[in-house]
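Take a look at the sequence and the 3D model below, and turn the model around a few times before reading on. We will walk through a core, a sheet, a metal site and some unusual backbone spots.

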Amino acid sequence: MKLVLLGTSSAVPTLTRGLSCTALIREGDVFLFDCGEGTQLQLMKSGVKRSRIHSIFIGHLHGDHLYGIAGLLSTLHLDGREAPLNVFGPEGLRVFLNAAFRTPDLHFTFKLTVQEFPRGYRGRVLDEEEFYVDALPLDHSIFCLGWRFQEKPKPGIFNLERAQELGIPRGPLYGKLQHGEKIKLDDGRIITPDMVLGEARRGKSVAYCLDTQFSERSIKLAEQCTALIHETTFGPDAVEMARERKHSTMEDAARVAKEAGAQQLIATHFSSRYDGRQLAEIRDQARSVFENITTGRDLLEIDI
Ligand SMILES: [Zn+2]
Ligand SMILES: [Zn+2]
């Protein structure tokens with residue numbers, strides 16, 4: 001999987017940072033988390049294909065996470081897109097879209113499915129063959145959902161030597177075992193998949209926590225994840241402001257990463273008061289809590 005940070009600013013864009021949007025790319029499919037103003041341009045600059053957008057997840061209805069979606073949907077319509085598109089977000093998202101398109105039926109060249117979740121919602125929002133996405137409310141000034149994209153476990157590695165020892169003939173029986181089916185050999189012996197497969201491999205996972213103050217729920221969402229993308233609006237100079245506005249400092253995010261046992265923290269959603277040098281200093285301080293922090297910047301690509 002690959003993550004591409006498309007916008008890393010909070011509240012207002014700056015000359016070097018666009019508004020919140022992160023693309024997760026898995027086997028060619030693109031999943032957008034938030035869709036701030038300017039997302040379309042950032043998609044083009046990054047080379048992430050808008051035609052491959054599978055779903056868009058809007059965590060909350062603050063404009064810096066939302067105002068890019070109307071323009072993006074218009075462009076997909078002009079593209080003549082045919083593939084269906086899912087949009088997930090809190091209650092009120094449909095009102096915004098209806099107002100933007102001045103129509104209650106949201107008619108496009110493609111089938112748009114808008115799924116809204118009521119205040120306090122928690123649960124699985126998408127469940128496909130190889131992955132699922134869960135939502136959990138965070139702790140922000142308005143109802144805000146965090147997301148966890150989770151690959152399902154992959155079957156263990158096929159042990160060819162063991163299969164030969166057991167006298168299983170090469171061919172379709174191997175495939176059946178790899179797909180979790182038990183087989184019966186000509187001599188009547190039953191072979192179960194665990195006899196030839198290694199341990200199932202854990203799927204990768206990404207937790208997305210924007211916007212929120214430090215919260216146990218973020219820790220739950222990020223438990224043992226491959227990558228935690230967490231807002232870090234403020235530095236240690238503005239702890240009070242972070243608490244008042246229900247945002248996080250870099251140190252808050254580092255605590256979440258540490259307590260969740262995350263493999264890495266990707267920091268984003270920075271106040272425009274900080275330049276790159278200041279952010280590097282803030283990151284270095286937060287490393288006393290959690291070592292593996294990447295300071296996000298626009299168009300940064302991270303393989304996970
Ligand atoms: Zn925000
Ligand atoms: Zn917000």
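Two residues are said to be in contact when heavy atoms of theirs lie within 4.5 Å. Keep in mind that this is a predicted model.

**A core and its central residues**

With that idea of contact in hand, start at Leu228. Leaving aside neighbours within four places in sequence, Leu228 is in contact with Ala207, Cys209, Ala222, Ala253, Val256, Ala257, Ala262, Gln264, Leu265 and Ile266. Which residues touch the most other members of the largest nonpolar core? They are Leu228, Leu265 and Ile293, in a core of 30 residues. Several elements give two or more residues to this core: β12 (205-209), α6 (216-221), α8 (250-260), β14 (265-268) and α9 (276-286). The largest share comes from α8, with six residues. There is also a second, separate core of 29 residues, and among its members are Leu6, Cys21, Ile25 and Leu93.

**The sheet**

Now look for the strands. Seven of them form an open sheet with mixed pairing, in the order β7-β8-β9-β12-β13-β14-β15. At the edges stand β7 (123-127) and β15, each with a single partner strand, so one side of each has no neighbour in the sheet. From one strand to the next, the twist averages 20°.

Zoom in on β13 and β14, which pair in the parallel sense over four bridges. One spot to find here is His230, whose bridge partner in β14 is Ala267. The helix α8 packs on the sheet and touches β13, β14 and β15. The direction of α8 makes about 150° with that of β13. You have met α8 before, as the element that gives six residues to the largest nonpolar core.

**Two zinc ions side by side**

Next, find the zinc ions. The table sets out their coordination.

| Zinc ion | Coordinating residues (atoms) | Distances |
|---|---|---|
| ligand 1 | Asp64 (OD), His65 (NE2), Asp211 (OD), His269 (NE2) | 2.1 to 2.3 Å |
| ligand 2 | His60 (NE2), His62 (ND1), His140 (NE2), Asp211 (OD) | 2.2 to 2.3 Å |

Which residue bridges the zinc ion (ligand 1) and the zinc ion (ligand 2)? It is Asp211, and the two ions lie 3.6 Å apart.

What do the angles say about the geometry of each site? For the zinc ion (ligand 1), the angles among the four donor atoms run from 89 to 161°, and the site is irregular. The site of the zinc ion (ligand 2) is irregular too, with angles of 90 to 167° among its four donor atoms. To count as tetrahedral, four donors need all angles between 85 and 135 degrees. For comparison, the ideal angle for four tetrahedral donors at a metal is 109.5 degrees.

The donor residues can also be followed along the sequence. For the zinc ion (ligand 1) the spacing is D-H-x145-D-x57-H. Asp64 sits in the loop between β4 and α2, and Asp211 in the loop between β12 and α6, so this pair ties together parts that are 147 residues apart in sequence. For the zinc ion (ligand 2) the spacing is H-x1-H-x77-H-x70-D. Here His62, in the loop between β4 (53-57) and α2 (69-78), and His140, in the loop between β8 (131-137) and β9 (145-151), link distant parts of the chain, 78 residues apart.

Are these donors buried or exposed? Asp211 is buried, with a relative accessible area of 1%. His140 is buried at 8%, and Asp64 is buried at 10%. His62 is partly exposed, with a relative accessible area of 26%.

**Unusual backbone spots**

Most residues other than glycine have a negative phi, and most peptide bonds are trans. Where does this model depart from that? The peptide bond from Leu210 to Asp211 is cis, with omega near -10°. That places a cis bond right at the residue that bridges the zinc ions.

Gln224 has a positive phi of about 55° although it is not a glycine. Gln224 is in the loop between α6 and β13 (227-231), and it is partly exposed at 42% relative accessibility. Leu299 also has a positive phi, near 75°. Leu299 lies in the loop between β15 (293-295) and β16 (301-303), and its relative accessible area of 32% makes it partly exposed.

Key
Residues are numbered from 1 along each chain as its sequence is written. Chains are lettered from A and ligands numbered from 1 in the order in which they are written. This is a predicted model: local features need pLDDT of at least 70, side-chain atom pairs count only at pLDDT 80 or more; totals for chains, interfaces and linings use all residues. Side-chain values use heavy atoms; hydrogens and water are left out. Donors are N, O and S atoms within 2.8 Å of the metal (3.2 Å for Na, K and Ca); water is not among the atoms, so sites may look incomplete. Four donors count as tetrahedral if all angles lie between 85 and 135 degrees; four count as square planar and six as octahedral if opposite donors are over 155 degrees apart and all others between 65 and 115; anything else is irregular. Buried means under 20% relative accessible area, exposed over 50%, partly exposed in between (1.4 Å probe, protein chains only). A nonpolar core is a set of buried Ala, Val, Leu, Ile, Met, Phe, Trp, Tyr and Cys residues joined through side-chain atoms within 4.5 Å. Two strands pair if DSSP finds at least two bridges between them. Axes are lines fitted to C-alpha atoms, for helices over the stretch in contact, and angles run from 0 to 180 degrees between N-to-C directions.
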